[in-house]
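Below are my notes on the model you sent round. They are set out as numbered points, each on one topic.

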Amino acid sequence: MEASHAISEAVKMIKPDVIAAYPITPQTHIVERLSEYVANGEIGAEYIRVESEFAAISACLGAEATGVRAYTSTSSQGLALMFEVLFIVSGMRLPIGMTVVNRALSAPINIWNDHQDSMSCRDSGWLQLYAETAQECFDLTVMQYKISENKDVLLPSMVGLDGFTLSHVYEPFFIPEQKEIDDFLPEYVPTHAILEPEQPLTLGPIGFPSHYMELRKTQVDAMEGSLKVIEKVFKEYSEKFPAQIKGTRPETYYHIEEYKMDDAQVAFVAIGSVCGSIKDVIDVLRSKGEKVGLVKIVTYRPFPMEALKKSLKNVKKIAVVEKALSPGANGPVFEEICSLLFEAKSDAEVRNFIVGLGGRDVKLDHIQKIFDMAKKGAGKKQEWMF
Amino acid sequence: MAIMGFPEEEYFACGHRACAGCACATAVRWITKAAGKDSILVESTGCMEVISTPYPETAWKLPWIHGAFENSSAIASGVAAALRAKGVEGKKVVAFGGDGSTYDIGFGHISGAFERGENFTYVCYDNEAYMNTGIQRSGATPFGASTTTSPAGKESAGKIEWKKDLMHILAAHGSPYLASASVGYPQDAFRKLKKAMETPGPTFVNLFASCPTGWRMDPSKSIEIAKLAVDTGSIPLYEIIEGKHFINPQSSDLSKLKPVDEYLKMQGRYSHLFKPVRREKELAMIQERITQNLQRIIDLSAKGF
């Protein structure tokens with residue numbers, strides 16, 4: 001099945017009470033399939049066909065605050081349109097689940113994949129998890145609710161998958177029994193924020209300078225604390241649902257996935273579907289005796305600083321391969337890797353490789369070149385692989 | 001004891017931080033009374049949200065949620081969907097906001113919700129400008145009003161555009177009940193709020209509410225002036241029920257209208273129309289527009305449209 005349908009299948013199984021979504025390429029296959037499920041009575045969710053993404057996330061906000069599980073999905077311009085409400089949702093501590101089918105931002109308008117959309121929302125207070133395969137799409141979608149709804153977290157989450165290069169690609173994936181999913185993810189029972197006349201609460205008040213910082217701090221603490229919860233949920237899921245199809249997911253989910261990192265001197269750091277190609281190139285390089293590995297980032301928010309520090313401890317050269325940028329600075333992941341290397345007092349040479357913007361193919365040759373350049377070490381901090 | 005047929009129960013507590021004479025605070029108090037205890041309120045960003053919820057205090061005795069400036073009707077759609085999903089019946093969902101959030105920034109979301117036939121009432125407390133940010137013009141600001149972004153000056157007589165006819169735009173969505181009301185006529189306003197909330201589907205009340213600060217007027221006259229707005233025909237009172245117009249007696253006789261000057265002269269926002277010299281042209285345009293607008297609604301009512 002298509003990776004898009006791994007998402008819609010997972011959404012069906014987590015039994016959302018309210019779905020509010022607006023169609024945008026390349027997210028459409030997800031919401032079309034969900035519409036079919038509703039039309040055929042396969043899921044009992046209330047599906048609101050809203051007039052924009054801004055309305056989609058706002059309707060989810062209203063639903064979640066009324067005490068039910070809500071889901072939405074979008075891409076690119078749609079996520080950008082939601083931007084204002086993303087911060088409101090996380091500030092109100094509403095554990096909404098969203099899928100972001102990653103797509104480039106305009107202008108020029110472009111419907112193909114890169115990570116600029118969700119990377120631009122990294123500071124919005126949402127958890128961010130990224131998938132490489134259809135199986136990971138399914139698994140992370142189920143897990144994101146278990147994590148977000150945890151009473152020590154209560155933060156919204158987005159799962160990112162690459163538009164077209166993953167969303168529209170057919171891959172095998174394993175679907176557990178509904179009963180097992182129900183056991184893993186019980187019904188959402190909120191206690192902190194719920195609109196009901198029996199117990200009238202005021203949600204979304206004005207916070208003056210006397211209180212704003214304290215409220216923000218509780219949110220940041222929850223985000224930091226969520227690292228442990230994510231780790232626990234990843235482990236629980238991995239044990240309850242062991243990997244069934246080889247190569248479609250890590251045996252045990254973790255914030256990062258290490259590929260041949262044990263003795264690696266050169267490491268790639270990357271996110272999403274490009275990791276598959278990087279793994280292939282690593283296999284070739286390894287056969288030639290190169291000590292090279294990959295660290296795939298699964299949990300991007302909260303940023304798994306310690307896990308990455310540990311993984312990159314003995315590495316001498318690092319190539320951060322990114323499908324996003326911050327004009328006037330380096331790529332967002334690169335900046336954060338530099339920051340943790342500085343903290344770890346590492347002297348590794350780290351370079352930033354910008355790839356695959358707007359759906360440009362990332363070929364095996366590109367990755368080979370990146371390896372060569374990274375191994376050599378010298379050169380510009382930021383290289384564009386056209 | 002119930003006064004003028006209003007329920008005694010208070011759901012909007014005193015001690016909120018609205019300006020003296022704020023008729024919008026009066027309007028939201030009536031909204032809560034009309035909604036009653038089994039309701040959920042959704043409010044847009046604006047004066048009434050700011051004055052009622054300085055964390056950790058609140059004036060709301062009903063469940064109340066505020067998200068952003070433009071999205072209260074989308075949030076209300078989500079609340080209504082969640083109630084359906086939970087199988088909860090008999091709970092009202094009421095969204096409200098000022099004219100900025102209703103006529104302008106949130107208009108698309110109201111249109112979307114009304115097109116979908118969502119089951120909630122939207123009330124606009126209409127004080128005819130962005131008062132919370134310092135009296136800037138909105139789509140609801142009338143022609144000739146001086147605001148901080150449509151100031152009167154040597155070359156300008158205030159706002160040069162007419163007020164948006166939101167009632168008829170929303171009526172075109174097929175809403176089963178829409179009403180224009182004023183805080184100057186409390187019982188009429190309360191009846192319309194009740195009726196809107198009791199009618200299934202997306203319903204709308206435009207509740208005209210004076211803002212002494214923004215209109216630069218005597219705060220003790222805020223109800224009087226809202227009445228005068230009706231009595232001069234500036235704000236016609238009427239309902240559109242299942243597509244048919246029903247005009248209030250207060251607005252149905254052109255010969256009984258008071259001259260608009262009486263209403264305009266009480267407000268600093270129109271003072272440039274009278275001083276240093278009387279701007280005959282603009283005043284004539286305002287008077288003529290009132291007559292035309294009212295005549296149209298009178299005709300529609302008379303013909304049963």
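**Notes on the predicted model**

1. Chain B contains eleven helices and ten strands. Its radius of gyration is 19 Å, close to the 19 Å that the globule rule gives for 305 residues, so chain B is as compact as a globular protein of that length. Taken along the principal axes, the C-alpha atoms of chain B fill a box of roughly 60 × 50 × 40 Å. Please keep in mind that this is a predicted model.

2. Chain A has twelve helices and 14 strands. For its 386 residues the globule rule gives 21 Å, and the radius of gyration of chain A is close to that at 20 Å, so chain A is as compact as a globular protein of that length. The C-alpha trace of chain A spans about 65 × 50 × 45 Å along its principal axes.

3. The domain assignment splits chain A into domain 1, residues 3-240, and domain 2, residues 256-384. The C-alpha centres of these two domains of chain A are 27 Å apart. Between them, 25 residues of domain 1 of chain A are in contact with 20 residues of domain 2 of chain A. On the domain 1 side, the elements of chain A that give two or more residues are α5 (116-119), β5 (127-130), β6 (157-162) and α8 (212-240). The largest share of that side, five residues, is from α8(A). Sorted by class, the domain 1 side has twelve nonpolar, eight polar and five charged residues.

4. Next, the interface between the chains. Here 38 residues of chain B are in contact with 37 residues of chain A. On the chain B side, at least two residues each are supplied by β1 (39-43), α2 (47-52), β2 (64-66), α3 (72-86) and α5 (107-116) of chain B. The largest share, twelve residues, comes from α3(B). The chain B side divides into 19 nonpolar, eleven polar and eight charged residues.

5. Two of those interface elements of chain B, α3(B) and α5(B), also pack on each other: their axes come within 7 Å and cross at roughly 35°. In this contact Ser73(B), Ala74(B), Ala76(B) and Ser77(B) of α3(B) meet His109(B), Ile110(B) and Ala113(B) of α5(B). By class, the contact has four nonpolar, three polar and no charged residues.

6. A second helix pair in chain B is α1 (residues 23-35) and α7 (residues 186-198), whose axes come within 9 Å and cross at roughly 50°. That angle makes α1(B) oblique to α7(B). The crossing of α1(B) and α7(B) is right-handed. From α1(B), the residues Trp30(B), Ile31(B), Ala34(B) and Ala35(B) meet Ala189(B), Phe190(B), Leu193(B), Lys194(B) and Met197(B) from α7(B). Eight residues of this contact are nonpolar, none is polar and one is charged.

7. In chain A, helix α1 (residues 3-13) packs with helix α2 (residues 28-39) at an angle of about 40°, with the axes 8 Å apart. The two helices, α1(A) and α2(A), are therefore oblique to each other. Their crossing is right-handed. The contact is formed by Ser4(A), His5(A), Ile7(A), Ser8(A), Val11(A) and Lys12(A) on α1(A), and by His29(A), Ile30(A), Arg33(A), Leu34(A) and Tyr37(A) on α2(A). The residues of this contact divide into five nonpolar, four polar and two charged.

8. Some backbone geometry should be checked against the coordinates. Most residues other than glycine have a negative phi, and most peptide bonds are trans. Which peptide bond of chain A is cis, with omega near 0°? The bond is that from Thr25(A) to Pro26(A), and Pro26(A) is found in the loop between β1 (18-21) and α2 of chain A. In chain B, a cis peptide bond joins Tyr55(B) and Pro56(B), with omega about 5°. Pro56(B) is placed in the loop between α2 and β2 of chain B.

9. One phi value also belongs on the list. Arg93(A), a residue other than glycine, has a positive phi, near 60°. The position of Arg93(A) is in the loop between α4 (76-91) and β4 (97-102) of chain A.

Key:
Residues are numbered from 1 along each chain as its sequence is written. Chains are lettered from A and ligands numbered from 1 in the order in which they are written. This is a predicted model: local features need pLDDT of at least 70, side-chain atom pairs count only at pLDDT 80 or more; totals for chains, interfaces and linings use all residues. Axes are lines fitted to C-alpha atoms, for helices over the stretch in contact, and angles run from 0 to 180 degrees between N-to-C directions. Helices (H or I, at least four residues) and strands (E, at least two) are DSSP runs, numbered from the N terminus. Angles under 35 degrees count as roughly parallel, over 145 as roughly antiparallel, 65 to 115 as roughly perpendicular and the rest as oblique. A crossing is left-handed if the near helix is turned anticlockwise from the far one by less than a right angle, and right-handed if clockwise. Two residues are in contact if their C-beta atoms, placed from the backbone, lie within 7 Å. Ala, Val, Leu, Ile, Met, Phe, Trp, Tyr, Cys and Pro count as nonpolar, Asp, Glu, Lys and Arg as charged, and the others, Gly among them, as polar. Domain bounds come from an automatic or database domain assignment. The radius of gyration is taken over C-alpha atoms; the globule rule is 2.2 Å times the number of residues to the power 0.38.
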